[in-house]
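Work through the exercises below with the structure open. Each task is followed by its solution.

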Amino acid sequence: MNNETLKLNKNKILVPAILLPIWFLLYFNLERFAILVVDSVLKLQQDNHLTSAISFFIFEVPKVLLLLILIVFVVGIIRTYFSPERTRKILGGKKLFAGNVSASLLGIVTPFCSCSAIPLFLGFVESGVPLGVTFSFLIAAPMINEVALVLLFGLFGWKTALMYVSTGLIIAMFSGFVIGRLRLEKYIEDWVYKTKVGNSEIEITKISFPQRITAGVDAVKDIVGKVWIYVVIGIAVGAGIHGYVPENFMASLMGKSAWWSVPAAVVIGIPMYSNAAGIIPVVQALLEKGASLGTVLAFMMSVIGLSLPETIILKKVLKIQLIVVFISVVAVGIIIVGYLFNLIY
Amino acid sequence: MKVKILGTGCKKCQTLEAKVREVVQQNNIDAKVEKVTDLSTIVSYGIMMTPGLVIDEKVKSYGTIPKDDQILSWLKGE
């Protein structure tokens with residue numbers, strides 16, 4: 001390594017190391033900053049709808065964006081330690097249940113994009129990962145994502161964020177286990193077993209620490225660059241609801257007393273495809289107006305966990321029967337979780 | 001030299017294809033760039049993440065979009 005690249009590598013670590021304390025300084029002074037802007041700069045009247053909506057917006061937007069940058073950066077670094085190949089190797093010899101547990105956990109940290117779902121499916125199934133275990137992975141990977149985690153943490157607090165991760169894991173484990181038990185291998189398209197999956201000869205080069213940092217920075221550019229606008233729009237809509245919609249407006253529609261609200265939320269949520277960034281701020285505002293947490297969580301999970309585009313992609317490798325089973329099992333799992341939360345809270 | 005971009009049609013795959021074509025053109029490299037969308041062919045290279053970059057039947061990268069200078073050095077056979 002010559003001097004110049006060495007200097008470059010140093011910078012790659014130095015810059016995030018300097019930015020980190022600045023991040024904390026900003027994050028923990030946001031409330032003061034927001035109050036300052038609303039009271040002194042904008043000179044808004046207290047206690048009216050507009051002020052309430054604007055304060056909400058001014059405080060929440062930078063807060064969520066800051067959280068998003070930090071978490072996406074950290075997750076980006078963590079993901080460099082995992083690859084689909086490694087995950088496949090780990091899952092290869094696993095039996096049902098133990099396999100479902102590991103697959104769901106690995107689904108969180110393994111880099112995954114729904115456009116790669118098919119190569120991944122083929123790679124897993126052909127190298128002997130059981131179908132049910134593969135499904136646990138395919139369910140956990142999109143359902144538990146870092147953007148949703150950040151938004152839930154930022155807008156609802158750590159308890160809800162933790163519940164989201166744990167129930168997401170349970171749904172992925174349970175659904176994969178059920179699918180495995182049902183022995184549905186015959187409903188995989190015939191060409192899948194005829195295809196020969198190659199052994200990639202690509203040598204896995206050792207990644208240096210500065211390269212992992214760069215991966216984190218790239219993840220921030222990529223993901224935050226894509227979702228920030230949805231976050232802002234989502235929070236703006238949320239702010240509108242926050243300021244203008246009367247309390248308890250949603251109670252009769254999405255409240256606890258409406259027993260049908262959980263399955264209805266799931267049925268509406270499945271064909272909807274939105275990233276978590278857009279949907280969660282809206283949902284948070286609804287919650288404030290009397291919607292119940294279980295219903296809201298069920299809605300969110302069905303929106304981000306089960307999506308029409310992903311199902312269409314999977315249709316290439318799965319026969320319709322298996323797709324129906326997949327969607328129903330996951331939907332039932334989400335509904336159970338929804339009722340459970342409505343019961344507890 | 002034969003360059004293949006493996007990918008179904010996601011945004012990343014299109015970005016990589018455009019990038020490779022640009023690098024090839026700008027540096028006057030004698031290479032034929034081809035996009036492979038057939039799934040069985042894609043998995044026959046053993047990759048589990050798209051897009052994949054294959055140069056003379058060797059997988060160079062997958063799942064990411066490599067930097068320009070990295071692509072160039074691969075194309076030059078370094």
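Two residues are in contact if their C-beta atoms, placed from the backbone, lie within 7 Å. The model is predicted.

**Exercise 1. Packing of a helix**

Task: Find which residues of α4(A) are buried, and decide how they are arranged about the axis.

Solution:
- Step 1. Count neighbours. A residue is buried if 20 or more other C-beta atoms lie within 10 Å of its own. In α4(A), A:Pro84, A:Thr87, A:Arg88 and A:Leu91 are buried.
- Step 2. Look down the helix axis. The buried residues of α4(A) fall within an arc of 100°, so they line one face of the helix.
- Step 3. Look for the cover. Among the elements over these buried residues are α5 (98–109), α6 and α7 (131–143) of chain A.

**Exercise 2. The side of chain A that touches chain B**

Task: Describe the side of chain A that touches chain B by residue count, element and class.

Solution:
- Step 1. Count the residues. Chain A has 19 residues in contact with 15 residues of chain B.
- Step 2. Assign elements. Two or more residues come from each of α4 (84–92) and α6 (117–126) of chain A. The largest share, five residues, belongs to α6(A).
- Step 3. Sort by class. This side of chain A holds nine nonpolar, six polar and four charged residues.

**Exercise 3. Strand pairing in chain B**

Task: In what sense do β1(B) and β2(B) pair, and what unit do they make with α1(B)?

Solution:
- Step 1. Check the strands. β1 (residues 2–6) and β2 (residues 32–36) of chain B are parallel, with five bridges.
- Step 2. Pick a bridge. B:Lys4 has B:Glu34 of β2(B) as its bridge partner.
- Step 3. Add the helix. With α1 (residues 11–26) of chain B, β1(B) and β2(B) make a right-handed β-α-β unit.

How values were computed:
Residues are numbered from 1 along each chain as its sequence is written. Chains are lettered from A and ligands numbered from 1 in the order in which they are written. This is a predicted model: local features need pLDDT of at least 70, side-chain atom pairs count only at pLDDT 80 or more; totals for chains, interfaces and linings use all residues. Helices (H or I, at least four residues) and strands (E, at least two) are DSSP runs, numbered from the N terminus. Ala, Val, Leu, Ile, Met, Phe, Trp, Tyr, Cys and Pro count as nonpolar, Asp, Glu, Lys and Arg as charged, and the others, Gly among them, as polar. A residue is buried if 20 or more other C-beta atoms lie within 10 Å of its own, exposed if 12 or fewer, and partly exposed in between; C-beta atoms are placed from the backbone. The arc is that of the directions from the helix axis to the C-beta atoms. Two strands pair if DSSP finds at least two bridges between them. A crossover is right-handed if, with the strands pointing away from the viewer, the path from the first strand over the helix to the second runs clockwise.
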